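This report covers selected salt bridges, the overall fold, one helix and one pocket of the structure shown below.

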Amino acid sequence: MNYQHVYHAGNFADVAKHVALVHCLDALKRKDSAFFVLDTHSGRGLYDLRSPQALKSGEAELGIHKLIAQGLGDETLAAYFAAIGARAGSRLGRYPGSTALIAAALRPQDRALFVEAMPAEARAAERLIHGEGRMRFEAGDGYAALKAHLPPIERRGFVLIDPPYENVDEWRTMLRAFADAHGRWPGATYMIWYPILGAAQRRSVHKRLQALAIPKMLCADLAIHDDEVEIGLAGSGLVIVNPPFGADAYLLAAYEAIHRRLAPAARGYVEVARLTPERMAQ
Ligand SMILES: C[S@@+](CC[C@H](N)C(=O)[O-])C[C@H]1O[C@@H](n2cnc3c(N)ncnc32)[C@H](O)[C@@H]1O
């Protein structure tokens, strides 16, 4: 496994994903009853933006640091800026990843399980992340964890599936594991991240998701480069299954606010749309 998230922490795709994550976690906290969160590809939780790797890629400069410089004070993004501790005039030393954001959202009655394949990253998360909820950190396979831990005893919850897509089989593995998890815990909110590399690839991703015939799928795509430019990562995609009420309108506004600030020369696009209806036809 070559992927190291420290090179990409705080880039536009992390921002897009974490804005949606914070929105979904806030929605879960609207009720007092306990919830469970499973983060299948959790990473190390906090990323040092002054590390040689982060400075070498420069991705956070064009992502979170540019957004803070240009967008702090935008009401639409206020909850996200608060969650990452952004302040006017100061740069972020450490960028909170999904593990840190989830941990901060847990109340004493809530639980989370963080699974990370790289043992050193899993250990770092356990050392760095603290919170009021009950948390477990596992070094292992996130797809196996979906099978082993769902459904949980809590009736409500959230599952984040955020793979690095390093090998060609990952899509198949991920879709199968997700469909199986949804079959066993259909009421949870699921959020799956995917890269946008080009128009044809994005259409094919949407089709593969639709083919699962799972209702209530919302896609939220934010591209900061034109699809056909051979640039690597043109955009960040999310599918949210069972999105909280109001997520469609919120994500459209939030992604437009991010796009305005981060897309060079207004390249790219925002699309927030339902991929599947409220109920599938029998
Ligand atoms: C995109 S990063 C995760 C970022 C994190 N979710 C966040 O938002 O801050 C993907 C992570 O998945 C880990 N990983 C790769 N394959 C995995 C697997 N099968 N199970 C669990 N973790 C895996 C990688 O080591 C990497 O830390």
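## A buried charged pair

Asp110 and Arg107 are both buried. In this predicted model, their side chains meet in a salt bridge with an N to O distance of 2.7 Å.

## Salt bridges between separate parts

The structure holds 18 salt bridges in total. One of them joins the side chains of Arg260 and Asp74, at 3.9 Å from N to O. Arg260 belongs to helix H10 (residues 247-262), while Asp74 sits in the loop between helix H3 (59-71) and helix H4 (78-84), so this bridge ties together parts that are 186 residues apart in sequence. What is the burial state of each partner? Arg260 has a relative accessible area of 58% and is exposed, because the cut-off for that class is over 50%. Asp74, at 13% relative accessibility, is buried, because it falls under the 20% limit.

Another bridge links Arg111 with Glu154, whose closest N and O atoms are 2.7 Å apart. Arg111 is located in strand E4 (residues 111-116) and Glu154 in the loop between helix H7 (142-149) and E6; the pair therefore connects parts 43 residues apart in sequence. Arg111 has a relative accessible area of 23% and is partly exposed, whereas Glu154 is buried at 9%. Asp14, Lys17 and Asp162 are joined into one network by salt bridges that share partners.

## Overall fold

The chain's secondary structure consists of 10 helices and 10 strands. For its 282 residues the globule rule gives a radius of gyration of 19 Å, and the value for the chain is 18 Å, close to that figure, so the chain is as compact as a globular protein of that length. The C-alpha trace spans about 45 × 40 × 40 Å along the principal axes.

Of the 282 residues in the chain, 54% are buried. Contacts in the chain can also be sorted by sequence separation: among those between residues at least 6 apart, 78% join residues at least 24 apart.

## Helix H5

How many of the 8 residues of helix H5 are buried? Helix H5, which covers residues 98-105, is mostly covered, with 7 of its 8 residues buried. These buried positions in H5 are Ser98, Thr99, Ala100, Leu101, Ile102, Ala103 and Ala105.

## The second largest pocket

Rolling a probe the size of a water molecule over the atoms reveals where empty space remains. The second largest pocket contains about 290 Å³ of space. It is lined by 14 residues, and those closest to its centre are Ala27, Leu28, Arg156, Thr189 and Pro244. Helix H1 (12-28) and strand E6 (156-161) are the elements that give two or more residues to this lining.

Which element supplies the largest share of the lining of the second largest pocket? That element is H1, with 3 residues. By residue class, the lining of this pocket divides into 6 nonpolar, 4 polar and 4 charged residues. Arg156, one of the residues closest to the centre of the pocket, is of the charged class, because Arg is counted there along with Asp, Glu and Lys. Ala27, Leu28 and Pro244, also among the residues closest to the centre, are nonpolar, because Ala, Leu and Pro are counted in that class.

Conventions
Residues numbered from 1 in each chain as written. Predicted model: local features only at pLDDT ≥ 70, side-chain atom pairs only at ≥ 80, totals over all residues. Heavy atoms only, no water. 1 Å grid on protein atoms, 1.4 Å probe; cavity = no way out; pocket = protein on both sides within 12 Å on 5 of 7 lines; lining within 4 Å. Points joined across faces, edges and corners; volume = space filled by probe spheres on them. Helix = DSSP H or I, 4+ residues; strand = E, 2+ residues; numbered from the N terminus. Salt bridge = Lys/Arg side-chain N within 4 Å of Asp/Glu carboxyl O. Buried < 20%, exposed > 50% of the residue type's maximum accessible area, 1.4 Å probe, protein only. Rg over C-alpha atoms; globule rule 2.2 N^0.38 Å. Contact = heavy atoms within 4.5 Å.
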